[in-house]
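Subject: Structure handover

Hello,

I am passing this structure on to you, with notes on what was found in it. Please look through the sequence and the model before reading on.

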Amino acid sequence: MPAGPLQIRRQDGALILTIQREERRNALDLATLQAFGDVFRHHLSGEDRAVVVTGSGSSAFCAGADLKERREMNLDQVRAQLLRYRSDLGWLATCPIPTIAAINGAALGGGLELALLCDLRVAVATATFALPETGLGIIPAAGGTQYLPRIVGAAKARELILLGTRIDAAEALRIGLIHRIVPGGTVPGRTVATRTAATGTVPDRTALEEQTASELVEDTLRWLEPVTRGAPLAQRAALRALRAADRLDLDAGLEFERGCYEACLVSEDRLEALAAFAEKRRPVFKGR
Ligand code: COA
């Protein structure tokens, strides 16, 4: 794939997007936003089973808006940029397949909002999270005020947005902001990560230097296997139903769920799963 602010590659059924602006801590400038939009417009394929978004380097997943670029913009340019968050990043929240943020460092401002657009969030133990916008005289404008309360609840969202509190990965896990801290293993970084998840202490950053971005992605892909190897139609139907729960009342939601089931009911994959269960073997799903 062409070099640019976003590296695009495929591995184990997932489309992996890596922001390549480590020198600006993967901050979102116009070109990066456009590159995200282009993924949806040109690169996402029917074969992809999940989208993983991550950042380069070990310092930041994404430091939010590119504040150096922003300083040079007039009001109309800023307004246009805000619309781009919707048009170029918003697809992550409505994408037909699950989207996952693999958070390799600080997720701040628009960087955290980028993660909030995703269905799932995993992080290294040194990751930090904040929406510092009100301290900068603005508010979160890539959906943060809407998605955060839906994910962590109204009270915690008020605290994080009004105070701009920066939290670590252990706290993010505790409040349900992330699903998982990359667990321990044999490399030093992973050992520390495990201790952190268990004790809630902030680890020494240097001890985690060996926990490379690729290890984070490898771990994420292993965790995602039930998604990338599961029944495609069921995955998509479940996602549609789950997202509907954010906007529908209970009665309408239950009706919507029934409609989503229908797509699975008439599928070959459902029959294959029943046959595989009877034959005590793994099902082979074809997405039909
Ligand atoms: N926009 C543009 N450039 C940014 C940036 C941003 N949002 N965040 C960091 N950078 C740049 C810095 O200006 C610095 O550039 P320089 O080398 O030319 O001075 C470079 O990235 C490294 O930043 P530094 O702060 O030294 O890196 P760090 O690894 O010590 O800390 C962060 C990383 C992300 C924790 C820290 O840079 C930070 O807090 N950034 C601000 C994030 C923010 O407030 N975002 C909110 C947007 S609403």
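Which residue in β7 stands opposite Ala-102? The residue is Val-122. The notes below set that pair in context, beginning with the whole chain.

Overall picture

Please keep in mind that this is a predicted model. The protein has 288 residues, and buried residues make up 46% of them. Its secondary structure comes to 13 helices and 10 strands. Among the contacts with a separation of 6 or more, 66% are between residues 24 or more positions apart.

The sheet of 6 strands

One open sheet has 6 strands in the order β1-β2-β3-β5-β7-β10, and its pairing is mixed. Its edge strands are β1 (6-11) and β10 (180-181), each of which pairs on one side only.

Going through the sheet from the β1 edge, β1 and β2 run antiparallel and are joined by 6 bridges. One example is Arg-9, whose bridge partner in β2 is Ile-16. These two strands form a hairpin with 2 residues between them. In the turn of that hairpin, Asp-12 has a positive phi of about 50°.

Next, β2 and β3 run parallel, again with 6 bridges joining them. Ile-16 takes part here as well, with Val-52 as its bridge partner in β3. Helix α1 packs on this sheet and touches β1, β2 and β3. The direction of α1 makes about 35° with that of β1.

Further along, β3 (residues 50-55) pairs with β5 in the parallel sense over 4 bridges. In this pairing, Val-51 stands opposite Thr-99 in β5. On to β7 (residues 120-123): β5 pairs with this strand in the parallel sense, over 4 bridges. This is the setting of the pair asked about at the start, Ala-102 and Val-122 in β7.

Strand β5

How many of the 5 residues of β5 are buried? The count is 5 of 5, and the strand, which spans residues 99-103, is mostly covered. In a regular strand the side chains alternate between the two faces of the sheet. In β5, Thr-99, Ala-101 and Ile-103 point one way, while Ile-100 and Ala-102 point the other way. The residues of both sets are buried.

The sheet of 4 strands

Another open sheet has 4 strands, ordered β4-β6-β8-β9, and its pairing is mixed too. At its edges stand β4 (60-62) and β9 (167-168). Each of these has a single partner strand, so one side of each is left without a neighbour in the sheet. Between β6 (residues 106-108) and β8 (residues 128-130) the pairing is in the parallel sense, over 2 bridges. There, Leu-108 stands opposite Ala-130 in β8.

Helices α5 and α6

The axes of α5 (residues 144-152) and α6 (residues 154-163) come within 7 Å and cross at roughly 135°. That angle makes α5 oblique to α6. The crossing is right-handed. On the α5 side, the residues that meet α6 are Gly-144, Thr-145, Leu-148, Pro-149 and Val-152. Their counterparts in α6 are Ala-154, Lys-156, Ala-157, Leu-160 and Ile-161. By type, the residues of this contact divide into 7 nonpolar, 2 polar and 1 charged.

Two residues in the loop between β2 and α1

Most residues other than glycine have a negative phi, and most peptide bonds are trans. Two residues in one loop are worth a look in that respect. Arg-25 has a positive phi of about 55° although it is not a glycine. Arg-25 lies in the loop between β2 (14-19) and α1 (30-43). Asn-26 is found in the loop between β2 and α1, and its phi is near 60°, a positive value in a residue other than glycine.

Are these two residues buried or exposed? Arg-25 has 39% relative accessibility and therefore counts as partly exposed. Asn-26 has 0% relative accessibility and therefore counts as buried.

Regards

Definitions and conventions: Residues are numbered from 1 along each chain as its sequence is written. This is a predicted model: local features need pLDDT of at least 70, side-chain atom pairs count only at pLDDT 80 or more; totals for chains, interfaces and linings use all residues. Side-chain values use heavy atoms; hydrogens and water are left out. Axes are lines fitted to C-alpha atoms, for helices over the stretch in contact, and angles run from 0 to 180 degrees between N-to-C directions. Angles under 35 degrees count as roughly parallel, over 145 as roughly antiparallel, 65 to 115 as roughly perpendicular and the rest as oblique. A crossing is left-handed if the near helix is turned anticlockwise from the far one by less than a right angle, and right-handed if clockwise. Contact means heavy atoms within 4.5 Å. Ala, Val, Leu, Ile, Met, Phe, Trp, Tyr, Cys and Pro count as nonpolar, Asp, Glu, Lys and Arg as charged, and the others, Gly among them, as polar. Buried means under 20% relative accessible area, exposed over 50%, partly exposed in between (1.4 Å probe, protein chains only). Two strands pair if DSSP finds at least two bridges between them.
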